Amino acid sequence: MTTAYCAVCGWSHETGPETTRSDLNRAMIDHHVETGHTPIETDEATPRAKPATAAAEPDVEWTPVEREF
Ligand SMILES: [Zn+2]
């Protein structure tokens, strides 16, 4: 399945039983003409940007200091 989505307004369109690749391209063009946005085409099922690598955790090991009184 190919999905086209717009990162600007959230518009999306995908191929299906009655939507061919040509229909998808036409829909993308129509959206561009109507809004000036440029839809992005992707073959992924979920058109969402993969999160960047998880926030790096500090490599520094914290060692509790035991104090004797
Ligand atoms: Zn849009």
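This is a short dialogue on how to read the model above.

Visitor: What kind of model is this, and how are residues numbered?
Guide: This is a predicted model: local features need pLDDT of at least 70, side-chain atom pairs count only at pLDDT 80 or more, and totals for chains, interfaces and linings use all residues. Residues are numbered from 1 along each chain as its sequence is written.

Visitor: What is the mean pLDDT of the chain?
Guide: First the term: pLDDT is the predictor's confidence in each residue, from 0 to 100. Where pLDDT is low, the predicted coordinates should not be read in detail. Here the chain has a mean of 84, and 77% of its residues reach 70 or more.

Visitor: Which elements does the chain hold, and in what order do they run?
Guide: Helices (H or I, at least four residues) and strands (E, at least two) are DSSP runs, numbered from the N terminus. This chain has 1 helix and 3 strands. From the N terminus on, the order is β-β-α-β. Confidence is highest in α1, at a mean of 97, and lowest in β3, at 93.

Visitor: How are the strands ordered in the sheet?
Guide: Two strands pair if DSSP finds at least two bridges between them. The 3 strands form an open sheet, in the order β2-β1-β3, with antiparallel pairing. β2 (12-14) and β3 (40-42) are at the edges with a single partner strand each, so one side of each lacks a neighbour in the sheet. On average, neighbouring strands are turned by 20° against each other, direction ignored. Axes for such angles are lines fitted to C-alpha atoms, for helices over the stretch in contact, and angles run from 0 to 180 degrees between N-to-C directions.

Visitor: How many bridges join β1 and β3?
Guide: Strand β1 (residues 3-5) pairs with β3 over 3 bridges, in the antiparallel sense. Thr3 stands opposite Thr42 in β3.

Visitor: Where does helix α1 pack?
Guide: Two residues are in contact if their C-beta atoms, placed from the backbone, lie within 7 Å. Helix α1 (residues 21-35) packs on the sheet and touches β1, β2 and β3. The direction of α1 makes about 5° with that of β1.

Visitor: What span should α1 have?
Guide: The expected span of a helix is 1.5 Å times one less than its number of residues. For the 15 residues of α1 that gives 21 Å, and the end C-alpha atoms are 21 Å apart, which agrees. Just after α1, Gly36 takes a positive phi of about 85°.

Visitor: Which residues of α1 are buried, and which are exposed?
Guide: A residue is buried if 20 or more other C-beta atoms lie within 10 Å of its own, exposed if 12 or fewer, and partly exposed in between; C-beta atoms are placed from the backbone. An α-helix has 3.6 residues a turn, so residues three or four places apart point the same way. In α1, Leu24, Met28 and His31 are buried. Seen down the axis, the buried residues of α1 fall within an arc of 65°, so they line one face of the helix. That arc is taken over the directions from the helix axis to the C-beta atoms. The buried residues of α1 pack against β1, β2 and β3. On the other side of α1, Ser22, Ile29, Asp30, Val33 and Glu34 are exposed. Ile29 counts as exposed because 11 C-beta neighbours lie inside 10 Å.

Visitor: Where does Pro39 lie, and is it buried or exposed?
Guide: Pro39 sits in the loop between α1 and β3. Pro39 counts as buried, with 25 C-beta neighbours inside 10 Å. Leaving aside neighbours within four places in sequence, its contacts include Ala4, Trp11, Met28 and His31. Pro39 and Ala4 are 35 residues apart in sequence, yet 6.1 Å apart in space, C-alpha to C-alpha.

Visitor: How much of the whole chain is buried?
Guide: Buried residues make up 7% of the 69 residues in the chain.
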